[in-house]
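Got the viewer open? Grab the model and follow along, one selection at a time.

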Amino acid sequence: MARTKQTARRAVDENGVPDEEDQQEINGHLTEEDKKRRIELEKMPMQAELKNLEKRWTKKGHSYIAEPKDDDEVPEETVNWYQKFALCVTRTLDRSNEHVQKTSLQINSPSLKKLLKEVIGTYPGISFMTTDITIDFPCQCLFHYRQELVDKLHKVNTTDPDGELARHLPILLAFLEAEFAETIAETTNLTPQGLTTYEHMWTLFRPGVKLFTRVRVEFIDYDGDDFGTRSTCLYIPQYRGTVPVNALNVFPLARHPNALAISKTVIARGKKWEEVQSKGQAFMDYQGVALNCGCPPSRYNVESRVMIDTATFHRIEADEAFSVSALPLSEAQKAKATLLQNDPEVLRVTKGNKDILLVDREPLTDEQRLMATPMCRGFSFTEKVFLEFFVDALSPIEWNTSCFDQLVLPSSQKELVQALVAEHTARHENSQFDDIVKNKGLGLILVLHGPPGVGKTLTAECVSEFSKRPLYIVSSGDLGTTSGVLDSKLTQILDLASTWKAVLLIDEADVFLERRSLHDMERNSLVSIFLRTLEYYSGILFMTTNRVRTFDDAFKSRIHVPLKYDDLDKASRVKVWKNFVEKLRKGQQEGGVEVDVDEVGYERLGESPLNGRQIKNVVRTAKSLAAYRGGKLDVDALLKVVEIQEAFEEELVKPVGGDDNIDAVAK
């Protein structure tokens with residue numbers, strides 16, 4: 001904190017210049033001996049002393065600096081105290097001159113000012129780069145650098161023992177020894193043992209020290225545009241007695257027993273974080289806990305694919321957005337920026353209140369990677385919410401490009417879907433075909449209709465794997481059932497799907513596709529909004545339904561490919577059985593359950609009229625049963641579960657009340 005010192009004998013402050021009456025009050029009671037001493041003091045050079053002073057007030061409210069007096073009724077003449085003593089401690093009194101409001105230390109010695117500028121420079125709330133330096137008590141900033149000052153004194157006593165710094169620095173150190181005597185004694189005792197008390201914990205946290213922490217403090221982050229620094233408040237719960245320093249939830253990294261290994265690990269994590277964030281959008285696998293941005297944050301156990309995209313996160317969840325303070329430019333960047341600034345056609349980008357100079361982004365340094373947050377912001381396609389993800393739990397996606405081979409669908413239909421997706425992808429990237437209205441009708445809309453469990457959802461999943469794009473699945477429940485909610489949610493979903501070039505699947509879309517009527521205005525609004533919004537969607541959209549006969553006529557012209565799915569025949573069921581069981585057989589090599597099913601067994605299993613979803617559930621249940629019994633998964637184990645499934649299906653179709661009530665139920 002900078003302070004302007006007084007350079008005249010008259011006391012001047014925010015209340016103005018004292019008048020003659022004030023001056024008489026200040027000087028009127030000085031004896032001749034006092035005046036003589038003042039004159040001698042004015043002639044003397046700066047004294048190698050620490051002077052205690054008081055800031056007092058006249059009856060008219062003007063301030064002046066004086067030596068402390070026991071008799072408050074006898075004020076003293078003001079003197080250029082800050083020019084006459086190396087250090088001054090000033091107690092500022094209240095307007096009654098009875099109570100101390102604050103105490104401060106003035107650094108007056110030019111040699112001490114130069115030293116503190118070199119050793120400390122800047123400190124939160126205080127600058128040692130200014131001409132005049134005043135430090136409010138407690139002077140913790142000086143304590144943090146006490147050892148450096150002691151080391152400097154040893155050096156000065158050897159190189160320049162008669163210089164000003166050699167005479168003035170011991171006064172500053174003596175002041176610190178007296179002011180922090182208890183703290184020095186306590187830390188000298190506890191620090192070698194790796195302990196600290198809550199009262200003296202502040203001595204650990206010198207500004208700029210690297211912390212090992214589970215709570216975020218000042219760190220490197222990415223706001224969707226730039227890498228930079230941001231900070232947050234940090235709280236350590238109060239405790240009694242002493243605890244080991246490395247048992248605190250936050251402590252200096254240097255106090256960690258494995259500081260070097262921790263640093264290497266964190267730098268490697270920071271490098272991975274930088275690589276992910278530098279992509280802007282990164283579609284990845286995630287296995288672990290994720291957090292929302294609430295206070296306190298909620299936890300989600302996520303085992304799915306996620307899109308890391310800070311810019312879109314901040315655009316959609318604007319209340320949780322943040323910005324960073326840009327990192328300092330390297331010498332190479334400064335040189336390029338200078339050239340660009342001299343170019344009248346230099347391109348600049350304005351985002352928010354930031355005017356960004358277009359210079360190449362350079363890789364983070366290891367020091368910056370060490371300070372990087374472990375969190376990436378993005379979207380979970382399973383939970384369908386924006387979350388914060390731990391970078392350690394992110395991994396590249398292993399695409400199943402042979403997914404279409406496992407899809408039980410006529411080869412002509414599979415080839416058609418693959419061709420349309422490939423052509424749409426190429427056309428979307430090099431769009432020359434358009435509707436009369438620009439950006440209208442550029443999407444690829446496919447309607448998949450048929451009974452449950454025959455591969456409708458799997459088709460969309462295969463397209464996602466084939467095109468290596470995210471699959472965004474939503475249902476009617478996600479879109480809402482009122483026109484206002486539908487308009488808002490559908491617009492956002494289509495926005496996200498377009499931003500990430502995702503394959504969008506609207507499951508069970510019947511409620512939005514049904515024919516409009518003259519009487520149900522709310523349903524008419526739903527259908528109209530759905531039609532209007534889809535008209536301008538340019539991505540790949542799948543819709544599944546079981547009731548195509550109820551479609552509104554306006555949808556027929558908007559559907560590019562209608563695919564009908566029939567109940568699985570025996571050959572198809574055999575293939576589905578093989579797909580699921582053989583996947584378990586591959587897992588057998590990694591310690592999974594032993595599988596013993598041959599071609600004859602698959603033929604027996606194919607006799608049961610189950611759909612694909614039911615077959616999947618049977619295989620999963622039989623596997624769990626075999627693992628529990630410690631046996632193997634064979635045909636008999638599978639058929640036992642099939643019997644249970646078929647018995648359940650029979651119960652579902654049995655009329656309520658038994659055979660005697662068949663007619664009544666039908667009516």
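Before zooming in, take in the contact pattern of the whole chain: among contacts between residues at least 6 apart in sequence, 70% join residues at least 24 apart. The protein chain runs to 667 residues, 43% of which count as buried. In secondary structure, you have 25 helices and 28 strands to click through.

**Colour by confidence**

Keep in mind that this is a predicted model. Colour it by pLDDT: the chain mean is 79, and 79% of the residues reach 70 or more. For the two extremes, select strand β21 (residues 394-395), where confidence is highest at 96, and then helix α25 (residues 662-666), where confidence is lowest at a mean of 40.

Two stretches are worth marking now. Residues 71-77 stay under 50 in pLDDT, and the model gives them 23 contacts beyond four places in sequence. Residues 659-667 are also below 50, and that stretch has three contacts in the model beyond near neighbours in sequence. Where pLDDT is low, the predicted coordinates should not be read in detail.

**Two helices that cross**

Now select helix α4 (residues 110-119) together with helix α7 (residues 164-179). Their axes come within 9 Å and cross at roughly 75 degrees. An angle of 65 to 115 degrees counts as roughly perpendicular, so that is what α4 is to α7.

Which residues of α4 and α7 meet here? Show side chains for P110, S111, L112, L115 and L116 on the α4 side, and for E164, L165, H168, L169 and L172 on the α7 side. By type, the residues of this contact split into seven nonpolar, two polar and one charged.

**Strand β4 and the loop before it**

Step back along the chain to strand β4 (residues 100-107) and pick Q106 there. Is Q106 buried or exposed? With a relative accessible area of 2%, Q106 is buried. Turn on its side chain along with that of S104, and you'll find a polar contact of 2.9 Å joining the two.

Next, go to N97, in the loop between β3 (85-93) and β4. N97 is not a glycine, yet its phi is positive, near 60 degrees. N97 is buried too, at 13% relative accessibility. Most residues other than glycine have a negative phi, and most peptide bonds are trans.

**A cis bond**

That last remark leads to the next stop. Select F137 and P138: the peptide bond joining them is cis, with omega about -5 degrees. P138 lies in the loop between β7 (133-136) and α5 (140-144).

**A threonine in a loop**

Jump to T373, in the loop between α12 (366-370) and β19 (375-380). Despite its place in a loop, T373 counts as buried, at 4% relative accessibility. What lies 3.1 Å from a polar atom of the T373 side chain? Draw the distance to the backbone nitrogen of M375 and you have it.

**From K468 to L471**

Further along is K468, in the loop between α15 (456-467) and β23 (471-475). Here is another residue that is not a glycine but has a positive phi, this time about 55 degrees. K468 is partly exposed, with a relative accessible area of 49%.

Carry on into strand β23 and stop at L471. L471 is buried, with a relative accessible area of 16%. What is L471 in contact with, leaving aside its neighbours within four places in sequence? Select F381, A460, E461, S464, V503 and L505 to see the set. While you're there, add L504: its C-alpha sits 6.0 Å from that of L471, although the two residues are 33 apart along the chain.

**Last stop: helix α24**

Finish at helix α24 (residues 635-653), where E643 is found. E643 counts as exposed, at 53% relative accessibility. Put a distance between the C-alpha atoms of E643 and S608: the gap is 9.1 Å in space, while in sequence they are 35 residues apart.

Terms used
Residues are numbered from 1 along each chain as its sequence is written. This is a predicted model: local features need pLDDT of at least 70, side-chain atom pairs count only at pLDDT 80 or more; totals for chains, interfaces and linings use all residues. Side-chain values use heavy atoms; hydrogens and water are left out. Axes are lines fitted to C-alpha atoms, for helices over the stretch in contact, and angles run from 0 to 180 degrees between N-to-C directions. Helices (H or I, at least four residues) and strands (E, at least two) are DSSP runs, numbered from the N terminus. Angles under 35 degrees count as roughly parallel, over 145 as roughly antiparallel, 65 to 115 as roughly perpendicular and the rest as oblique. Contact means heavy atoms within 4.5 Å. Ala, Val, Leu, Ile, Met, Phe, Trp, Tyr, Cys and Pro count as nonpolar, Asp, Glu, Lys and Arg as charged, and the others, Gly among them, as polar. pLDDT is the predictor's confidence in each residue, from 0 to 100. Buried means under 20% relative accessible area, exposed over 50%, partly exposed in between (1.4 Å probe, protein chains only). A polar contact is a pair of N or O atoms within 3.5 Å; within protein, one must be able to donate a hydrogen and the other to accept it, and residues adjacent in sequence count only if both atoms are side-chain atoms.
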